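Visitor: I should like to learn how to read a single-chain model, beginning with its fold and ending with its pockets. Could we take the features one at a time?

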Amino acid sequence: MKPSNIGFNSLFLYKVLTIRQGEAKERYEELALAYLQERFPTKPHLIESSIKVVTNTPVMIAVTSDIASNEADSKDNEYAVCCAIHSMWLAAQELDLGFVWRTRGVGLVHDQRLHDFIGAPEGKKTVGMIFLGYPDAKELEEAKPKKRTPFVEKTVWL
């Protein structure tokens, strides 16, 4: 799979950092727990369910994009990285992998601690944390289909 780009140019760079089982994952769990306890001190059930996602997910991927010298190029970089993440999502679906792209909560995307944890230099923006693994078959069977608004109710044709 090749990454997305704008006009077939190499206008952006992005970095993928994978966190697997072991010491790095344990440190990430500690960061996430500290963040959640600070952010949601009165919601222990939310903290517990969010941390369960982190501890039960075998692979987490931090994705960054370059911050360019101007805002327009920085936005193009970020959008292209989002397209690359979506391509990863589609590939994961083909492999029957569970894929969750987080930008808030345990994703820590907007928290400086994640930036420091992954060793991102200046000029990088964290676009997302991806949680990847095989879903629990029993949970999949028990899950109720989500009600979705039909596309015709969301589409405006010109």
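Guide: We may begin with burial. In this predicted model, 32% of the 158 residues of the protein chain count as buried.

Visitor: How many helices and strands does the protein chain have, and in what order do the elements run?

Guide: The protein chain holds 5 helices and 4 strands. Read from the N terminus, the order is β-α-α-β-α-β-α-β-α. As for contacts with a separation of 6 or more, 75% of them in the protein chain join residues 24 or more positions apart.

Visitor: Let us turn to one helix. How does the distance between the end C-alpha atoms of α1 agree with its 17 residues?

Guide: The expected span counts 1.5 Å for each residue after the opening one, so the 17 residues of α1 should cover 24 Å. The end C-alpha atoms of α1 are 24 Å apart, in agreement with that value.

Visitor: Which residues of α1 are buried, and which are exposed on the other side?

Guide: The general idea is that an α-helix has 3.6 residues a turn, so residues three or four places apart point the same way. In α1, the buried residues are Lys25, Tyr28, Leu31, Ala32, Tyr35 and Leu36. Viewed down the axis of α1, these buried residues fall within an arc of 130 degrees, so they line one face of the helix. Glu23, Glu30 and Glu38 are exposed on the other side of α1.

Visitor: What is the volume of the largest pocket, and which residues lie nearest its centre?

Guide: The largest pocket contains about 970 Å³ of space. Its lining comprises 25 residues, and Gly98, Val100, Pro135, Glu139 and Leu140 lie nearest the centre. The elements that each give two or more residues to this lining are α2 (44-56), α3 (71-94), β3 (98-102), β4 (124-133) and α5 (137-142). By class, the lining of the largest pocket has 12 nonpolar, 7 charged and 6 polar residues.

Visitor: What is the volume of the second largest pocket, and which element supplies the largest share of its lining?

Guide: The second largest pocket has a volume of about 210 Å³. Of the 15 residues that line the second largest pocket, Tyr35, Phe40, Arg104, Gly105 and Val106 lie nearest its centre. Both α1 (23-39) and α2 supply at least two residues of this lining, and the largest share, 3 residues, comes from α1. The lining of the second largest pocket divides into 7 nonpolar, 4 polar and 4 charged residues. Tyr35 thus appears twice in our reading: among the buried residues of α1, and among the residues nearest the centre of the second largest pocket.

Technical notes. Residues numbered from 1 in each chain as written. Predicted model: local features only at pLDDT ≥ 70, side-chain atom pairs only at ≥ 80, totals over all residues. Heavy atoms only, no water. 1 Å grid on protein atoms, 1.4 Å probe; cavity = no way out; pocket = protein on both sides within 12 Å on 5 of 7 lines; lining within 4 Å. Points joined across faces, edges and corners; volume = space filled by probe spheres on them. Nonpolar A, V, L, I, M, F, W, Y, C, P; charged D, E, K, R; others polar. Buried < 20%, exposed > 50% of the residue type's maximum accessible area, 1.4 Å probe, protein only. Arc of directions from axis to C-beta. Contact = heavy atoms within 4.5 Å.
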